[in-house]
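Please look through the structure shown here, together with its sequence. The report after it is written for a reader who is new to protein models.

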Amino acid sequence: MHQALYRKWRPKNFDEVSGQDHITSILKYQCSAGKFSHAYLFCGSRGTGKTSCAKILAKAVNCEHPTEAGPCGTCAACRAIDAGSATDVLEMDAASNNGVDDIRDIRDEVIYAPSNLKYRVYIIDEVHMLSTSAFNALLKTLEEPPEHVVFILATTELQKLPATIISRCQRFDFRRIATEDLTARLHHIARAEGFELNPEAARLIARQAQGGMRDAVSLLELCAGARLPITPELVTTTIGITGRDGMYRVLCAIESRDYDALFAIVEDMVSSSYALAVFWQELLGYYRDMLVTKTTSAPERYLDLTDVETRNLNEVAARMTKETMLFHLGLLEDALFAMQRAYAVKRTVAEITLVRMCDPALDSSTESILARLARVEEQLVAGVPAIPTPTSVAQEAPAPAPERTQPNPTPATAVPAPTALVQETPAAPVVATAPITPPTSATEGKQRVLRPIRVWAEIVDRVRVTSPMAASFFGRSKAYTTESGQIVIKFASDFERDMARGEGAPEALRAALSVTLGRKIEAQDVIPEVENEKAAEDSLIDLILEAAETSGAENADSE
């Protein structure tokens, strides 16, 4: 009968246990000194060697000729334990034998001396599954068992064990096995079994096992079932994963907004019976790696990648901001939970999420809507149209005819702006005849039209992070944009203007303006000025509003 590779290649002594040197070194010392504890607790994730070490320890305490690596494996006691015929070594699965009666049976048996071996060993696997009554029945026996009894408890969920049980055991924490150790073990098994294993394929299997030796060996056996050389392509096809190269293509499609490529990728996943949930977890892991690359100074400490994979990761991460990565991670996480709840529409959830990741404007969150509205408002204030108008249409459009002023308008229908402007400003004829639309190049130089920046307070807050003193003077100033896109900042005095030019303040101001306005602001685009008489410095809109308010006040007084 065929024996699974993970059982065939189970470690026979402590030297064969991979990646747990911090545990095996202590157990080997206890074996050589003949000083064993009455109770052991092995905890850790699956496939890291807990049960294997428990069986090796059971042989070591009963071995007739122990070695530096633990049991000899040749004496009668070792051979009986390996064959499963030793009645003094009892293995119990607490997942199916978790009642108080099962523990009472053990408590009644421990008083008897072992029949053939030196010690009676109880191996209780998945001990966290025991009931509360069973734990209570085990407490006294576990604390003071007879001298010929050794308890070995194994669990994957330490937090579920009562503190009274943990305190009565010698605890060993099994770590996830490193990728290098897994890869070396896979190559050793492949050579012994006659498999042709590609080094990259071995690394791919080891990463997919997530630190578990049993999973790694099982995946190796699965890939070897095709009776072909084990290559990375064979591994991705057999296991049903996309691989780092596939994730790189997905990220490139998202960054370039290639919707055809994204829908084709999902179509390939569905048609080839790949699990979309597995693909989604890989995508989450890839974004995690990009975030590590973007935020840490030594990402190689936290990443296990080849040179090609590292280069591709850095290339994609350089084109994304941290904010974009976190935004995408939020979408991916929400979609993963949605896929777990909606089994029939996983494909739809995946496609919708990928489309939303391509275009942040499709996000419906309040923060996203407010940010986009602020940007649109700034574009309108700066004279940038939200929807570009073709040049030909602008050239062919006829100029608007000036409206004819009525000689004696009534208060209800009069437009008081020209009259008010003539009375208050000497430049009234120029302003009155200028259209409200942004001036063309033909009108440049006649009068500068300034439009106030509505989010100047937000820009000042950004400056305050790095230049708080300069920000206090910016906060008392006023900011405008010209028809050419320049930024005019008006200060109340020369002193405030000079203080706002402190060390690092101009750079911080340009950075804040670029981020808020959504366009790059150069040094020559910022014009600091000292505010003089209002005269022609106010914008046409502000003058019209002021004239309207003045006229409204006069009408109210006359009534």
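The text below describes two sheets and one helix of this predicted model.

**The parallel sheet**

Five strands make up an open sheet with parallel pairing, in the order β2-β3-β4-β1-β5. At its edges lie β2 (89–93) and β5 (170–174), each of which pairs on one side only. From one strand to the next, the twist averages 15°. Helix α2 (residues 21–33) packs on this sheet and touches β1 and β5. The direction of α2 makes about 145° with that of β5.

**The mixed sheet**

Another open sheet has four strands, ordered β6-β7-β8-β9, and its pairing is mixed. Here the edge strands are β6 (451–452) and β9 (526–530), and each pairs on one side only.

One strand pair from each sheet is set out in the table.

| Strand pair | Sense | Bridges | A bridge partner pair |
|---|---|---|---|
| β1 (residues 39–44) and β5 | parallel | five bridges | Gly-44 and Phe-174 (in β5) |
| β7 (residues 478–481) and β8 (residues 487–491) | antiparallel | four bridges | Thr-481 and Ile-487 (in β8) |

**Helix α16**

Helix α16 covers residues 322–341, which is 20 residues. From its first C-alpha to its last it reaches 29 Å, close to the 28 Å expected at 1.5 Å a residue. Which residues of α16 are buried? Among them are Met-325, His-328, Leu-329, Leu-331 and Leu-332; Ala-335, Leu-336, Ala-338 and Met-339 are buried as well. The buried residues of α16 pack against four helices: α12 (243–255), α14 (276–295), α15 (307–318) and α17 (346–358).

Note on methods
Residues are numbered from 1 along each chain as its sequence is written. This is a predicted model: local features need pLDDT of at least 70, side-chain atom pairs count only at pLDDT 80 or more; totals for chains, interfaces and linings use all residues. Side-chain values use heavy atoms; hydrogens and water are left out. Helices (H or I, at least four residues) and strands (E, at least two) are DSSP runs, numbered from the N terminus. The expected span of a helix is 1.5 Å times one less than its number of residues. Buried means under 20% relative accessible area, exposed over 50%, partly exposed in between (1.4 Å probe, protein chains only). Contact means heavy atoms within 4.5 Å. Two strands pair if DSSP finds at least two bridges between them. Axes are lines fitted to C-alpha atoms, for helices over the stretch in contact, and angles run from 0 to 180 degrees between N-to-C directions.
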